[in-house]
Amino acid sequence: MQAAGTSATGMEENGVIEPLPDEEFGTEVTSDYDPSDTETTFGSLTSSVTGHVWEYGRRYHAFRYGRYPLPNDDEEYKRESLRHAMLKELLRGKLYLAPIGDNPQKIIDLGTGFGEWAMEMGELFTGAKVTGVDLSPIQPLWVPSNVEFIVDDIEDEWVHEQDYDFAHFRFVNTVLKNNELVLHNILQNLRPGGWVEIQDIYPRISSDDNTLPEDYPPAKFYSLLQGVLKDQYGFDLKVLESLPDHLQRLGYVNVQRKVFHMPLGEWPKDRHLRMLGGCFQEVFLDFVAAMAARPLVEAGFDKADIEELVVGVKNAVGNRRIHAYVPIHFVWAQKPPA
């Protein structure tokens, strides 16, 4: 799989590219947090912050209930953990692409999830303070001494510290209602010369050799999901196509973007790409199942139709004669130096 203008890994070489044209279980509240560990610099966390809600057989965040459509349970942890490993393998062990230097002092991970990226950054930069922010209190209690986690909604008014060297988003911007507001807040709270990096999927499935059927179920799923998340949550899954322009308009400089073509399935002949494709296949199928559990149900789709779609997606991604891939975008930009 090697498109014109890309390397064998599917990475754009020029840095900046043009934008790409059933059963409900009630509301049992649980908590993973040690009650003795709920004091933070932002005050005492209430049960609405540290709790969880069980619905549709999955566990979800209780703080700002319904704000985020994916679960926060053990199944989701396995998906996010595999996705984290997949991206590290994609970047040959790197955690980011922005040129942040060798001695960042303050790093913030927005939408940190289970906190793996933040903890590894804390281990990599032992002299830095690393803060992870998420709606869910699902991060480990035992973390590196220079890492902290905060339960908060990153679309709220900024209440965190200032003068960050690096702000990081991973698979977050496509589930924000107001990207420009969040990125504006980041710009105001980066130190001069600091960086922001966004890593996310552009939900368009392609093939370079015309093996993609017109009725390909994963493509149908993405198309369906875009409308559901727009109507139900106010999300724009295609925000990545205009993200560099947003960053420049807000005042960021040195805006860069690289795009990786992530194989969907184990079809590539190249061993490295085949391994990545297998990882992404599992991550994608778990994502489809998570979206089918709640957002599609709440959007009013018939259970039988949802099950048919999920089965169709599973069968399709296992077909090695279909050489499908999905673009993963890495966008980074700098606050103007003083």
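User: Two strands pair if DSSP finds at least two bridges between them. In this predicted model, which residue is the bridge partner of Leu110 in strand 7?
Analyst: Strand 6 covers residues 106-110, and strand 7 covers 129-134. The two run parallel and are joined by five bridges. One facing pair is Lys106 with Lys129 of strand 7. For Leu110, the bridge partner in strand 7 is Val133.

User: How confident is the prediction, and over which residues does pLDDT stay under 50?
Analyst: The protein has a mean pLDDT of 82, with 79% of its residues at 70 or more. A stretch with 107 contacts beyond four places in sequence nevertheless has pLDDT under 50 throughout. That stretch is residues 1-48.

User: What is the order of the strands in the open sheet?
Analyst: The sheet has seven strands and mixed pairing. Strand 8 and strand 11 have a single partner strand each, so they stand at the edges, with one side of each lacking a neighbour in the sheet. On average, neighbouring strands are turned by 15° against each other, direction ignored. The order is 8-7-6-9-10-12-11.

User: Which residue in strand 10 stands opposite Tyr164?
Analyst: Strand 9 is joined to strand 6 by four bridges, and these two strands run parallel. On that side, Ile108 has Ala167 of strand 9 as its bridge partner. Strand 9 also runs parallel to strand 10, with six bridges between them. Opposite Tyr164, in strand 10, stands Leu190.

User: How many residues of strand 9 are buried?
Analyst: A residue counts as buried under 20% relative accessible area. In strand 7, five of the six residues are buried, and that strand is mostly covered. Strand 9 is largely enclosed by the rest of the structure, because its buried residues number seven of seven.

User: Which elements do the buried residues of helix 3 pack against?
Analyst: Helix 3 spans residues 116-124, and its buried residues are Glu116, Trp117, Ala118, Met119, Met121 and Gly122. These residues pack against one helix and several strands. The elements are helix 2, strand 6, strand 7, strand 8 and strand 9.

User: At about what angle does helix 2 run to strand 12?
Analyst: Helix 2 covers residues 74-90. This helix lies across strand 9, strand 10, strand 11 and strand 12. Its angle to strand 12 is about 75°.

User: Is Phe171 buried or exposed?
Analyst: Phe171 lies in the loop between strand 9 and helix 4. Its phi is positive, about 55°, although Phe171 is not a glycine. Most residues other than glycine have a negative phi. With a relative accessibility of 10%, Phe171 counts as buried.

User: Is Asn210 buried or exposed?
Analyst: Asn210 belongs to the loop between strand 10 and helix 5. Asn210 is not a glycine, yet has a positive phi of about 60°. Its relative accessibility is 75%, so Asn210 counts as exposed.

User: How do the residues in the contact of helix 7 with helix 9 divide by type?
Analyst: The axes of helix 7 (residues 271-293) and helix 9 (residues 303-317) come within 10 Å and cross at roughly 175°. The helices are therefore roughly antiparallel. From helix 7, Gln281, Phe284, Leu285, Val288 and Ala292 meet Ile306, Val310, Val313, Lys314 and Val317 of helix 9. By type, these residues are eight nonpolar, one polar and one charged.

Conventions:
Residues numbered from 1 in each chain as written. Predicted model: local features only at pLDDT ≥ 70, side-chain atom pairs only at ≥ 80, totals over all residues. Heavy atoms only, no water. Axes fitted to C-alpha atoms, helices over the stretch in contact; angles between N-to-C directions. Parallel < 35°, antiparallel > 145°, perpendicular 65-115°, else oblique. Contact = heavy atoms within 4.5 Å. Nonpolar A, V, L, I, M, F, W, Y, C, P; charged D, E, K, R; others polar. pLDDT = per-residue confidence, 0-100. Buried < 20%, exposed > 50% of the residue type's maximum accessible area, 1.4 Å probe, protein only.
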